[in-house]
Amino acid sequence: WESHPDCSYEDILYHRAEHIAKITINRPEVRNAFRPQTVRELIDAFHRAHMDPEIGVIILTGAGDLAFCSGGDQRIRGHEGYKDEAGVEHLNVLELQRQIRTLPKPVVAMVAGYAIGGGHVLHLICDLSIAADNARFGQTGPKVGSFDGGFGAGLMARTVGLKKAKEIWFLCRQYDAQEALDMGLVNTVVPLAELETVTVDWCRQMNRLSPSALRILKASFNADTDGLAGIQELAGNATALFYTTAEGQEGRNAFLEKRQPDFGKFPRRP
Ligand code: 2NE
């Protein structure tokens, strides 16, 4: 992995190799809990990977073997959210969730240790989750006076089914990697020592496939759940493809050449 030369993050790491970006939450002393700054840096790093034409797939992970992420940093939780350096309280992880969901490249959660609370929702929002055999999953919201009723509830129910999702939230239990696999919460479980090798191998496989097909499939999986915003995402791909056609270009050319467009030459397909 090479570090990105322009990145000077405090709470995260950003690496690249072979068309893969690896974004690591780097606060192992608090089991990779996030504060507003962590989330801001994650948003910046995901944006960087999104815009980088060399990157096809993104890995999200946590530093060390003990945790992927333990959710919001409870030490700086105020009355309305998580306090930043200026004392402003945020729930900016919700913005990060939307970003990961709509980013048109596959995002893979590489989970060793705990994925708990808001950290559990982060792995859930990723397209694929690869768990080490020491991974543990769960929500703690009702125990610590919090909840995520957005993707945390809705996407969870779509992923593991309504009954199981309610169990996860209502009982605040922890589940080991095998249980997570059995309920469809993760894609595979591998020995901890092989976690990165297997994850990179999955990323390599995706990078050998058609990026446009993967992009449109990702938007397709979101479309019904996300309503008009989901349709917008999917339709944006149709617009981009239409722009590449002679028919789409005829409209632009006619405008620039100050003439009436001649769409009559294009077939009206059945
Ligand atoms: C993650 C877990 C299960 C790990 O347990 P264990 O026994 O391995 O470690 P330990 O000793 O609990 O934690 C190690 C150190 O990390 C800190 C701990 O306080 C401890 O610090 P020291 O005592 O060594 O000083 N730590 C761990 N998680 C932290 C956190 N989230 N914030 C601040 N410090 C943390 C266990 O630590 C655990 O259950 N952690 C709390 C999980 C949790 O409840 N997270 C918040 C859920 S709410 C949320 O994330 C959220 C939301 O619901 C909606 C919107 C946005 C966020």
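Let me start with Arg259, which is partly exposed, at 34% relative accessibility. This is a predicted model, and the topic today is its salt bridges. Arg259 makes one with Glu257, and the closest N and O atoms of that pair are 2.7 Å apart.

Some salt bridges share partners, and in this way Glu10, Asp11, Arg27, Arg35, Asp73 and Arg75 are joined into one network.

How many salt bridges are there by the rule used here? The count is 19.

Next, a pair that links distant parts of the sequence. Lys22 forms a salt bridge with Glu196, with 3.2 Å between the closest N and O atoms. Lys22 belongs to strand β3, residues 20-25, while Glu196 belongs to helix α8, residues 195-207, so this salt bridge ties together parts that are 174 residues apart in sequence. Is Lys22 buried or exposed? Lys22 has a relative accessible area of 10%, so it counts as buried, the limit for buried being under 20%. Its partner Glu196 is partly exposed, at 29% relative accessibility.

Now a pair within one helix. Lys164 and Glu167 form a salt bridge, and their closest N and O atoms are 3.2 Å apart. Where do these two residues sit? Both are in helix α6, residues 162-171, and because they are three residues apart there, about one helical turn separates them. Lys164 is partly exposed, with 27% relative accessibility. Glu167 is also partly exposed, and its relative accessible area is 22%.

To recap the two pairs: Lys22 and Glu196 connect strand β3 with helix α8, whereas Lys164 and Glu167 both lie in helix α6.

Methods
Residues are numbered from 1 along each chain as its sequence is written. This is a predicted model: local features need pLDDT of at least 70, side-chain atom pairs count only at pLDDT 80 or more; totals for chains, interfaces and linings use all residues. Side-chain values use heavy atoms; hydrogens and water are left out. A salt bridge is a side-chain nitrogen of Lys or Arg within 4 Å of a carboxyl oxygen of Asp or Glu. Helices (H or I, at least four residues) and strands (E, at least two) are DSSP runs, numbered from the N terminus. Buried means under 20% relative accessible area, exposed over 50%, partly exposed in between (1.4 Å probe, protein chains only).
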